[in-house]
Each structure stands twice: as structure tokens, then as C-alpha cells.
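Trainee: Before we begin, could you show me how to read pockets, sheets and buried elements in a model with more than one chain? I would like to go through them one feature at a time.

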Amino acid sequence: MTVEGNETRKEMILNMGPQHPATHGVLRLLLHLEGEVVKKTIPIIGYLHRGVEKLGENRTYIQNIVFTDRLDYTASMSNNLSYALAVEKLCGIEVPERARVIRVIMTELQRIAAHLLWLGTYALDIGAMSVFFYCFREREKILDMFEMVSGQRLTPSYICIGGVRRDIDDKFLEALKVFCDTFNDYVKDYENLLTKNPIWIERLKDVAVLSAEDAINWGVTGPVLRASGVKFDFRRATPYCGYENYEFDIPVGTKGDCYDRYLVRVEEMRQSNRILKQAMKDIPDGPIMADVPFIAFPPKDQVMNNIEALIKHFKIASGTFQIPKGEVYSSIENPKGELGFYIVSDGSSKPYRMRIKSSCFVNLSALPFMTQGCLVADLIAALGSIDIVLGEIDR
Amino acid sequence: MNRQEIIDRIQGKVSSLIAGTSQGIDYPVVYVNKEHLIEFMKFLKEDEELSFDLISDVTAVDYPDRNPRFDVVYHIFSIKNGQRIRVKVPVGDGEGVESVTSVWRGAEWLEREVYDMFGITFYNHPDLRRILMEEDFKYYPLRKDFPLEGIEE
């Protein structure tokens with residue numbers, strides 16, 4: 001469709017999506033084009049809206065865990081953690097040391113898996129096919145480990161209120177050790193394929209530049225913010241799960257273009273591996289669930305053999321517990337940025353209001369600003385570089 | 001800066017703009033009337049010591065039996081201090097508040113979502129349209145009187 005402008009300039013309006021391989025889900029971009037130049041981008045979202053916030057108000061705190069898996073489905077473990085931390089803050093629950101370390105291990109594995117998925121699909125967007133296979137090879141190993149501990153690969157619901165669902169065993173630790181020892185070499189493989197690749201550089205450098213000032217103004221978080229040169233990470237700024245005890249660097253970019261976002265994410269994978277190595281070194285013994293009878297499930301073997309524990313389990317699962325009144329906001333550093341839960345409790349077993357702050361949502365809102373006046377081909381690179389998952393944007 | 005220092009600083013500097021403060025379970029909470037919202041938010045961002053520069057979230061909570069009915073809730077983070085603050089503005093049914101997009105550009109979509117889900121208008125918003133629901137949708141789904149299922153036919 002063409003819109004009649006004045007005689008020399010003709011603007012074309014083009015729909016990209018909702019079915020388009022580069023939009024990573026069901027996102028529609030309404031483009032105002034002048035030839036190849038993008039004059040205006042209007043993202044249209046909501047195709048995947050499932051009303052998670054509304055559903056959350058009608059389910060108990062325990063039941064809501066499974067919804068969090070399905071927000072950013074490439075980072076379920078991290079979503080579980082963010083939600084669990086919010087409810088724990090509300091109830092004042094102290095999580096046992098062992099569970100905290102296991103949580104760190106799982107979320108860092110998840111960060112690597114999410115970044116691998118991003119790297120593979122982003123390279124595919126740009127036209128580099130083979131990186132995809134390398135990345136998915138390693139991601140597969142992480143998903144296998146998740147399957148070992150939770151029985152699920154994508155939607156584990158493993159981290160729960162009060163701790164984690166099952167304990168990790170020697171087989172898992174063995175797999176983790178092998179993974180940590182070999183992973184840095186694999187990262188080298190990806191870098192060999194891409195970092196100095198002239199096509200890769202040509203496509204990414206100076207594309208969709210976001211300055212530090214603009215990034216903060218737009219509320220952008222995660223790797224996109226760090227690529228703009230802001231040394232900011234919620235694991236450092238507001239530590240949770242004992243992140244203050246781990247040594248890791250926060251990689252930052254210099255320019256804030258797509259290439260910097262790539263470099264930041266690759267370095268983040270290395271840093272996650274570094275955290276994993278520290279975490280697995282000495283995992284403290286002890287329980288994996290807090291002993292808080294009104295909301296934290298008793299251990300499974302006790303439920304099977306002890307009537308008291310069975311009654312407790314039944315009470316929690318059937319939602320006859322009560323949560324203290326109040327409101328909390330709790331956020332963590334997800335692979336894609338800040339994932340926050342704002343929970344208002346009226347004292348019943350269901351949240352009065354469960355608000356999910358999604359980083360992808362805010363990061364995508366900055367896309368029209370970033371891509372003003374760029375070419376259509378660069379738009380694909382820009383969209384991929386902010387790493388969105390529509391499950392989290394539409395909720 | 002800790003929680004108490006933030007509250008003291010706000011009370012010392014702009015006590016005329018705020019309607020009340022509390023400690024909260026997690027973060028300091030400031031209650032503001034909607035007439036003073038923009039002035040207060042500008043202060044939060046531009047004050048050198050507080051420097052709340054990163055907008056985390058804008059949302060609302062519906063209390064159907066209360067007058068005014070809604071609370072618009074802002075969560076703002078300060079990269080410099082590593083602290084967060086919660087600002088609450090009461091808004092009645094059918095009313096609106098001034099948009100904070102002039103202070104933090106990133107509030108644009110967050111406010112659109114509040115408009116979409118609760119029907120709260122934001123004045124001087126650059127592009128106030130529905131965002132998640134379709135444009136001809138007649139209801140505001142996150143209001144408490146909107147049922148989980150069975151609204152039409």
C-alpha cells in the first residue's frame with residue numbers, strides 16, 4: 001500500500017510479521033518506509049497475551065510458579081527464582097544455604113543456555129547458519145542437566161517458594177563439572193566463527209546505536225544497557241542468593257551498537273561459567289527447603305512415610321494457607337534484563353495483585369527510537385540484538 | 001543511602017509535594033497526590049543525592065470498594081545508590097494522571113499497559129493506545145470486576 005505524500009517522496013507502509021522468522025515469535029512491526037529507509041517503526045504486540053497477571057490473582061501462590069515458566073520460556077529457571085524471591089520476601093523466609101547455591105548454579109546455567117539460544121538464532125538472522133548448530137549442541141547439554149534434576153527441559157518449575165524441589169546428586173555434579181571445564185573452549189569456537197568475521201562486523205557495527213544516557217532514559221536493562229557502557233547488573237547492585245560472595249566481572253560495551261551487544265553477551269557466558277566454577281567448588285550440606293510449614297513443601301520422602309508431613313503437603317497444595325499482608329517488589333538479573341514481581345497480598349492464599357515487570361517489554365519499546373532512519377536489513381539486526389521473547393512481553 | 005535517609009531527604013526537601021511516607025517491607029514508599037506528581041518525579045530524578053534515574057515499573061492496583069478506586073504505582077531505581085523507591089498515586093474511576101514520559105522516556109509503554117488494563121488515562125502521553133488487547137476491545141481486563149471467563153455471549 002502506498003500513501004500519497006508530496007510528489008517527490010512516497011511513503012510505503014509495510015507489515016513485518018506477525019509470522020516472520022526474524023521476529024522470534026509473534027510480533028508485528030508496522031514499518032513506514034521510504035525506499036529502503038525506515039522512517040518509523042511501530043511494534044504491535046499482544047498476539048501471545050494469555051493474561052498471566054489476571055490468572056495469577058485467581059490461583060494460589062504455589063500454583064503461580066508454573067505460569068512463571070511460561071513467561072520467558074528460554075529462561076524458566078530465572079523466572080522461577082524471581083517469583084520465589086518475591087514471595088519469600090513477603091513472608092520473610094530465609095532460604096537454606098545449600099538451596100541458595102543450587103539456585104545460583106541453575107540460574108547461571110540458564111543464563112548460558114539463554115545466551116546460546118540468542119547467539120544461534122541471531123547468527124541465523126544475520127545469515128550465518130553454522131553457528132546455530134554449535135550453540136544448540138551446548139544448550140542441549142544444559143537442558144539435559146535440567147532434565148536430570150527436575151524431569152523437565154524447558155518448563156522445570158524447579159526453584160520454588162522456600163528452596164528448590166529436589167536435591168542435586170553426584171551424576172548432576174559430574175555433568176556440571178564436564179560442562180564447566182569444556183565450555184570456555186566452545187565459546188572460543190563461537191568467537192572464531194564470528195568476532196572477526198568481516199560480514200558479521202559489517203552487519204553489526206554502528207547499527208542501532210543507543211547511548212548510555214538514552215539507554216537509562218528508556219529504562220532499558222540487561223545486556224542492552226551494559227552494551228551502552230553502563231556498568232550495572234542487579235547481581236551486583238542488589239545482591240540476592242549470595243551473589244556478593246562470587247567474583248565476576250560485568251562486561252560493558254563502548255558504543256552501544258549491535259556488535260557491542262554481541263560482545264557483552266559472549267563475555268557474560270564466560271563470566272557465568274566462572275560463577276559456576278566457584279559455586280560448585282564447595283556446595284554446603286543441609287536441607288534444600290526452608291522449614292516454613294505454611295508455604296514450603298516438606299521433603300518428598302517424609303510425605304510418603306509420615307502422616308504429619310502428608311497433612312502439611314495437602315494443606316499447601318490445596319491452598320489453605322495464609323500469607324502475611326503487605327506488598328513487595330523484587331527483581332533479579334535475568335538473561336534479558338530485570339525481571340520484577342510486584343505482589344500485593346491481602347492475607348489470603350492468592351495474590352491480590354501480581355504484576356510482572358518484563359525487561360523485554362521495556363527494551364522493545366526503545367526499538368523505534370534505536371532504528372529511526374536505518375535500513376530494513378539493519379532493522380533485522382537491531383531487533384535480534386535486543387533479544388526479545390514474546391512470551392514475556394505479552395504475558 | 002539507606003531507606004531512612006531517602007525518606008528524610010525527601011521530607012526535608014519537598015515535604016509540600018508529598019502526602020505521606022512509609023517504610024514498607026522492602027522499599028520506602030511515598031504517597032503523592034496527582035497534582036504534584038510531575039514536580040515530585042522531576043525532583044526524584046534530578047536531585048543529586050537521590051538520582052532515581054531508571055524507571056523499573058509503572059502499574060496500578062484496583063480497590064473497587066475504595067474511593068479513589070485505583071493506586072498507580074511507580075517503582076524507580078537509582079543506579080548511583082542501588083536503591084529503589086515506590087511512589088503511589090491514588091486515582092479515581094474515569095480519572096487520569098499526568099504522564100511521566102517527560103521525565104523517563106521508558107514509561108511510554110508501561111503507561112500504555114496501565115491504560116489498556118485498568119482504563120486509567122495518562123495526560124500528555126505521546127501515544128496513548130491499547131497495547132496488549134485489540135483496539136476495539138471494550139473492557140479493562142485487570143479491573144477486579146472483570147471476570148475470568150464469560151464476558152460476551
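Mentor: Let us start with a pocket, bearing in mind that this is a predicted model. One way to read a lining is to ask which element contributes to it, and in the second largest pocket it is helix 3 of chain A that gives the most, with 3 residues.

Trainee: Which other elements of chain A supply at least two residues of that lining?

Mentor: Besides helix 3 (76-91), helix 4 (97-126) and strand 7 (326-334) of chain A each supply at least two residues of the lining of the second largest pocket. The lining comprises 19 residues, and those nearest the centre of the pocket are A:Leu85, A:Lys89, A:Pro239, A:Tyr240 and A:Cys241. Its volume is about 490 Å³, and by class its lining has 7 nonpolar, 5 polar and 7 charged residues.

Trainee: What is the volume of the largest pocket, and how is its lining made up by class?

Mentor: The largest pocket has a volume of about 600 Å³, and its lining has 15 nonpolar, 5 polar and 6 charged residues. Of the 26 lining residues, A:Arg165, A:Phe297, A:Pro298, A:Pro299 and A:Lys300 lie nearest the centre, while helix 12 (300-305) and helix 13 (307-317) of chain A each supply at least two residues of the lining.

Trainee: Strand 7 of chain A was named in a lining; to which strand do 9 bridges join it, and in what direction do the two run?

Mentor: For a strand, one looks at its partners and at its burial. Strand 7 of chain A is joined by 9 bridges to strand 8 of chain A, the two running antiparallel, and a hairpin of 2 residues connects them. A:Val328, for instance, has A:Ile343 in strand 8 as its bridge partner. Strand 8 is also joined by 5 bridges to strand 9 (residues 353-357) of chain A, again antiparallel, with A:Phe341 paired to A:Ile356 in strand 9.

Trainee: Why can strand 8 of chain A be called largely enclosed?

Mentor: Taking buried to mean under 20% relative accessible area, 9 of the 9 residues of strand 8 (residues 337-345) of chain A are buried, so the strand is largely enclosed by the rest of the structure.

Trainee: Turning to chain B, in what order do the strands of its open sheet lie?

Mentor: A sheet is read across its strands, and here 5 strands of chain B form an open sheet in the order 1-2-5-4-3, with mixed pairing. Strand 1 (18-22) and strand 3 (54-62) of chain B each have a single partner strand, so they stand at the edges and one side of each is left without a neighbour in the sheet. On average, neighbouring strands of this sheet are turned by 20° against each other, direction ignored. Strand 3 of chain B is joined by 8 bridges to strand 4 (residues 70-78), the two running antiparallel, and B:Ile55 stands opposite B:Ile76 in strand 4.

Trainee: Which helices of chain B lie across these strands, and at what angles?

Mentor: Helix 2 (residues 37-46) of chain B lies across strand 1, strand 2 (29-32), strand 4 and strand 5 (83-91), running at about 175° to strand 5. Helix 3 (residues 107-118) of chain B, for its part, lies across strand 3 and strand 4, running at about 10° to strand 3.

Trainee: Which residues of helix 2 of chain B are buried, and what covers them?

Mentor: In helix 2 of chain B, the buried residues include B:Leu37, B:Ile38, B:Phe40, B:Met41, B:Phe43 and B:Leu44. Their cover includes helix 1 (3-14), strand 1, strand 2, strand 4, strand 5 and strand 6 (96-98) of chain B.

Methods: Residues numbered from 1 in each chain as written. Chains lettered and ligands numbered in written order. Predicted model: local features only at pLDDT ≥ 70, side-chain atom pairs only at ≥ 80, totals over all residues. Heavy atoms only, no water. 1 Å grid on protein atoms, 1.4 Å probe; cavity = no way out; pocket = protein on both sides within 12 Å on 5 of 7 lines; lining within 4 Å. Points joined across faces, edges and corners; volume = space filled by probe spheres on them. Helix = DSSP H or I, 4+ residues; strand = E, 2+ residues; numbered from the N terminus. Nonpolar A, V, L, I, M, F, W, Y, C, P; charged D, E, K, R; others polar. Pairing = 2+ DSSP bridges. Axes fitted to C-alpha atoms, helices over the stretch in contact; angles between N-to-C directions. Contact = heavy atoms within 4.5 Å. Buried < 20%, exposed > 50% of the residue type's maximum accessible area, 1.4 Å probe, protein only.
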